Amino acid sequence: MRRGLAEWRGIGLRRSLIFVALACAFTVPVVAHHSPAAFDRTKKVTLVGTVKEFRWQNPHTWIEVLVPNDKGEDVLWGIELTSPTYLVRAGWKSNTIRPGDKVTVVGNPVRSGEPSAIFVSLTLADGRTLTERPARLGGATTGGKE
Amino acid sequence: MGNLMHGRIAAVIPSSVASLVAPLVASLVACALGVPTSAQTPARASGNQAAQADAPPDVPLSALAPSNLAKRRPKPPFDLTGNWFIDTTGNPEAWRFGAPYPTFTPAAQVHIDASRKAAAEGKVYRDDIGQCWPAGLPLIMTRYWPIAMIQLPTAIYMVSGFMNSTRIVYLDGRAHTDPDVVVRTFNGESIGRWEGETLVIDTQYFRGDHHWMDQGGLGIPAGEALHIVERVRLVNGGRQLEIAYAMSDPEHWIGDWNSTKRFNRVDDVDIQEVECLPDLNEHLQSTTSKTQVK
């Protein structure tokens, strides 16, 4: 259940709809310990689900979200975010989200189709949207690679 | 002590043998009790002079020894103390030690070809850093993490925000370690010297496994023969650090691979504790996904 299923839930569409947006948007900054080449930056997935875990730590913060598929089964998605050093500068706190929160997460998925994505944006139940920007230190723009 | 040992031994072996063995055993016991284990017990020297007297003659004074720090030296032309961050203004890929590339040897080309094939298939070739291996020099310098540098008269201590990787550049005039005893590392052994307004750092003795010159792009290996010379200057009124790299590794490329990087002084951030813990990649599915070629 945790992996191998690739059903994605779209905003405003029926629960089973696979919603992959081909995006020509700017490259999302990332401060990863690993190569970002596993992710397809040309695609976006929009995940509507319930937070299972939000881990605020270095070198990565991550969110695990349970997203129901068309069979009513929860699929566990892992969303990888940058370091808290950058997230704080974009308005995040360690308690921005908690287990049980209803959220909408947008990410770039891994190319393999597994339920894993690198973070683009988060919309909270109250409508606030958070991103990783501005990820900036010392005048350098962090774009595309750690 | 000697008499006591002699009496116990005499009870179980002939007296003629005991008379030969007992002094030897007594001596060994006395030595074992009298000599501290150096790895766990601090030396009980009464002062610097005594501590130095105990050290083998070819071991240099520590860079932090007060007597080393106090030696008279010319004033260095600049002080790198501060936090630095790779400058990617206008070029997000500036962290790479990229083109112009040298001519690669067949030993490197095997990996380069394999990494290109993996990329064409949407996969990532041997991302050892992502599997928690150290980035090593030179990549550790250009991670998207600040590097804290503390300059003393005898050494510059560098700690990267990325996995808190430590690099020490010795400035106290010592030579490179005997290759027969040196412990190879991912950041190598760095010896610096001042040449006018430039700090020249010579780094050798690298680990030659799980050590790469690039990540997530070309699979260019770094070998044990990797040798890096950095020419370091402060520019733009001290707001930027410029490092010109000349890198050679005859196992993997021909001649010098040259690249110049700039780093910005960042005064609004400190490095934090960053570790690749066992549960990290369990929660980062991309590092364990089918996209990884290990």
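Start with chain B, which has 5 helices and 13 strands. Keep in mind that you're looking at a predicted model. Colour chain B by burial and you'll find that buried residues make up 31% of its 294 residues. If you like contact maps, draw one for this chain: among the contacts with a separation of 6 or more, 55% are between residues 24 or more positions apart.

**Stop 1: the largest core**

Select W84(B), I140(B), M149(B), I156(B) and F162(B). These have the most contacts inside the largest nonpolar core, a set of 41 residues. Now add the strands that give two or more residues to this core: in chain B, they are strand 1 (82–86), strand 4 (147–151), strand 5 (155–160), strand 8 (198–204), strand 9 (227–235), strand 10 (240–248) and strand 12 (257–265).

Zoom in on F162(B). Which residues does F162(B) contact, leaving aside its neighbours within four places in sequence? Within chain B, the partners are A135(B), I140(B), R143(B), W145(B) and V274(B), and P59(A) joins them from chain A. One of those partners, I140(B), was in your selection for the core a moment ago.

**Stop 2: a second core**

Next, pick F54(A), V67(A), I79(A) and V106(A). They're included in a second, separate core of 29 residues. Leave V106(A) highlighted for the next stop.

**Stop 3: strand 5 of chain A**

Select residues 102–109 of chain A. Is this strand largely enclosed or largely open? It's largely enclosed by the rest of the structure, because 6 of its 8 residues are buried.

Now show the partners. Strand 2 of chain A (residues 43–55) pairs with strand 5 in the antiparallel sense, over 6 bridges. For a landmark on that pairing, label G49(A), which stands opposite V103(A).

Strand 6 of chain A (residues 116–123) also runs antiparallel to strand 5, and 6 bridges join the two. Here V106(A) comes back: its bridge partner in strand 6 is S121(A). Follow the chain from strand 5 into strand 6 and you trace a hairpin with 6 residues between the strands. Check the backbone torsions at G113(A) in the turn, where phi is positive, at about 90°.

**Stop 4: where the chains meet**

Finally, show both chains together. Here 32 residues of chain A are in contact with 38 residues of chain B. On the chain A side, strand 4 (74–81) and strand 9 (140–141) are the elements that give two or more residues. Colour that side by residue class and you'll get 10 nonpolar, 15 polar and 7 charged residues.

Conventions: Residues are numbered from 1 along each chain as its sequence is written. Chains are lettered from A and ligands numbered from 1 in the order in which they are written. This is a predicted model: local features need pLDDT of at least 70, side-chain atom pairs count only at pLDDT 80 or more; totals for chains, interfaces and linings use all residues. Two residues are in contact if their C-beta atoms, placed from the backbone, lie within 7 Å. Helices (H or I, at least four residues) and strands (E, at least two) are DSSP runs, numbered from the N terminus. Ala, Val, Leu, Ile, Met, Phe, Trp, Tyr, Cys and Pro count as nonpolar, Asp, Glu, Lys and Arg as charged, and the others, Gly among them, as polar. A residue is buried if 20 or more other C-beta atoms lie within 10 Å of its own, exposed if 12 or fewer, and partly exposed in between; C-beta atoms are placed from the backbone. A nonpolar core is a set of buried Ala, Val, Leu, Ile, Met, Phe, Trp, Tyr and Cys residues joined through C-beta atoms within 7 Å. Two strands pair if DSSP finds at least two bridges between them.
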